[in-house]
Amino acid sequence: MKNKLEVVPFKGTPEQRAELDAVLAEYKSVPGALVQVLKQAQEIYGYLPLEVQEIVAEGLDIPLEEVYGVVSFYALFSIAPKGQYRISVCLGTACYVKGSGDIFNKLSEKLGIENGGCTPDGKFSLEACRCVGACGLAPVMMVNDDVYGRLVPSDIDDILAKY
């Protein structure tokens, strides 16, 4: 299994950079705009790697440490890449007692990544979550906005094949 801390190379495009530069130009002279800029930067790139944080720090003329402090403080920001298909497995009580731990372990083994990881090709990322509000369908997992319920480990191969 691959180490979840394995670094996936940053692959920003010139178009993404131009979009971020436009955001920075819009907010350059707006006091307290860091969180808003970071939200938009994450929408552009999907996450906030060090390279993007450096661009934001330079563009807003603030220390990188301040940018990183905000990124690492708020749960809505991610410094790890997310896959094209974001898989979330509910490990809340209802799902867990019905076997979601086995579902998560099967996905982790099949994809070769751990919680918070992203496959090297950028296709899948895997996260454990606490509740998706579908307890009657336990155990539940989501792939982006698609919900799959009443799962058993043998369902995983067919679900992944759809993506």
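Is Gln-40 buried or exposed at 18% relative accessibility? In this predicted model, Gln-40 counts as buried, because its relative accessibility of 18% falls under the 20% cut-off. Gln-40 has its place in helix α2, which runs over residues 34–45, and, when residues up to four places away in sequence are not counted, Gln-40 touches Val-23 and Tyr-27.

## The chain as a whole

The chain holds seven helices and four strands, and, when read along the sequence, these elements follow the pattern α-α-α-α-β-α-α-β-β-β-α. Along its principal axes, the C-alpha trace spans about 55 × 30 × 25 Å. Of the 163 residues in the chain, 42% are buried. Among the contacts with a separation of 6 or more, 62% are accounted for by residues 24 or more positions apart.

## Helix α2 and its surroundings

Helix α2 has 12 residues, which at 1.5 Å a residue should span 16 Å, and the C-alpha atoms at its ends are indeed 16 Å apart, in agreement with that expectation. Besides Gln-40, the buried residues of α2 include Leu-34, Val-37, Leu-38, Ala-41, Gln-42, Ile-44 and Tyr-45, and what covers the buried residues of this helix includes α1, α3 and α4. Just after α2 comes Gly-46, which takes a positive phi of about 90°.

The loop between α1 and α2 contains Ala-33, a residue that counts as buried at 7% relative accessibility. Ala-33 and Leu-60 are 27 residues apart along the chain, and their C-alpha atoms are separated by 8.8 Å. A further pairing across the sequence involves Gly-59, which lies in helix α3, residues 50–60: the C-alpha atoms of Gly-59 and Ala-25 are separated by 7.7 Å, with their positions 34 residues apart along the chain. Gly-59 is itself buried, with a relative accessible area of 18%, and, leaving aside its neighbours within four places in sequence, Gly-59 is in contact with Leu-24 and Lys-28.

## Helix α6 and its buried face

Which residues of α6 are buried? They are Ser-100, Gly-101, Ile-103, Phe-104, Leu-107, Ser-108 and Leu-111. Seen down the axis of α6, these buried residues fall within an arc of 160°, so they line one face of the helix. An α-helix has 3.6 residues a turn, so residues three or four places apart point the same way. The elements that cover the buried residues of α6 include β1 (85–90), α5 (93–97), β2 (124–129), β3 (141–143) and α7 (156–161). In length, the 12 residues of α6 should span 16 Å at 1.5 Å a residue, and this agrees with the 16 Å between its end C-alpha atoms. Gly-112, just after α6, takes a positive phi of about 75°.

Strand β2, one of the elements covering α6, contains Ser-125. Ser-125 counts as buried at 3% relative accessibility, and, not counting residues up to four places away in sequence, Ser-125 touches Pro-81, Lys-82, Gly-83, Tyr-85, Arg-86, Ile-87, Ile-113, Gly-117 and Cys-118.

## The second largest pocket

The second largest pocket has a volume of about 290 Å³. Its lining is made up of 15 residues, and those that lie nearest its centre are Lys-11, Tyr-45, Tyr-47, Pro-81 and Lys-82. Sorted by class, the lining has eight nonpolar, four polar and three charged residues. Some names recur here: Tyr-45 is also one of the buried residues of α2, while Pro-81 and Lys-82 are among the residues that Ser-125 touches.

## Backbone features in the loops

Most residues other than glycine have a negative phi, and most peptide bonds are trans. Two residues that are not glycines nevertheless have a positive phi, as listed below.

| Residue | Phi | Place | Relative accessible area |
|---|---|---|---|
| Asp-61 | about 55° | loop between α3 and α4 | 62%, exposed |
| Asn-144 | near 55° | loop between β3 and β4 (146–148) | 24%, partly exposed |

A cis peptide bond, with omega of about -5°, joins Ala-138 and Pro-139. Pro-139 has its place in the loop between β2 and β3.

Technical notes
Residues are numbered from 1 along each chain as its sequence is written. This is a predicted model: local features need pLDDT of at least 70, side-chain atom pairs count only at pLDDT 80 or more; totals for chains, interfaces and linings use all residues. Side-chain values use heavy atoms; hydrogens and water are left out. Helices (H or I, at least four residues) and strands (E, at least two) are DSSP runs, numbered from the N terminus. The expected span of a helix is 1.5 Å times one less than its number of residues. Buried means under 20% relative accessible area, exposed over 50%, partly exposed in between (1.4 Å probe, protein chains only). The arc is that of the directions from the helix axis to the C-beta atoms. Contact means heavy atoms within 4.5 Å. On a 1 Å grid over the protein atoms alone, a cavity is a set of points where a 1.4 Å probe fits but cannot get out, and a pocket is an open set with protein on both sides within 12 Å along at least five of seven lines; lining residues have an atom within 4 Å of a point. Grid points are joined across faces, edges and corners, and a volume is the space filled by probe spheres set on the points. Ala, Val, Leu, Ile, Met, Phe, Trp, Tyr, Cys and Pro count as nonpolar, Asp, Glu, Lys and Arg as charged, and the others, Gly among them, as polar.
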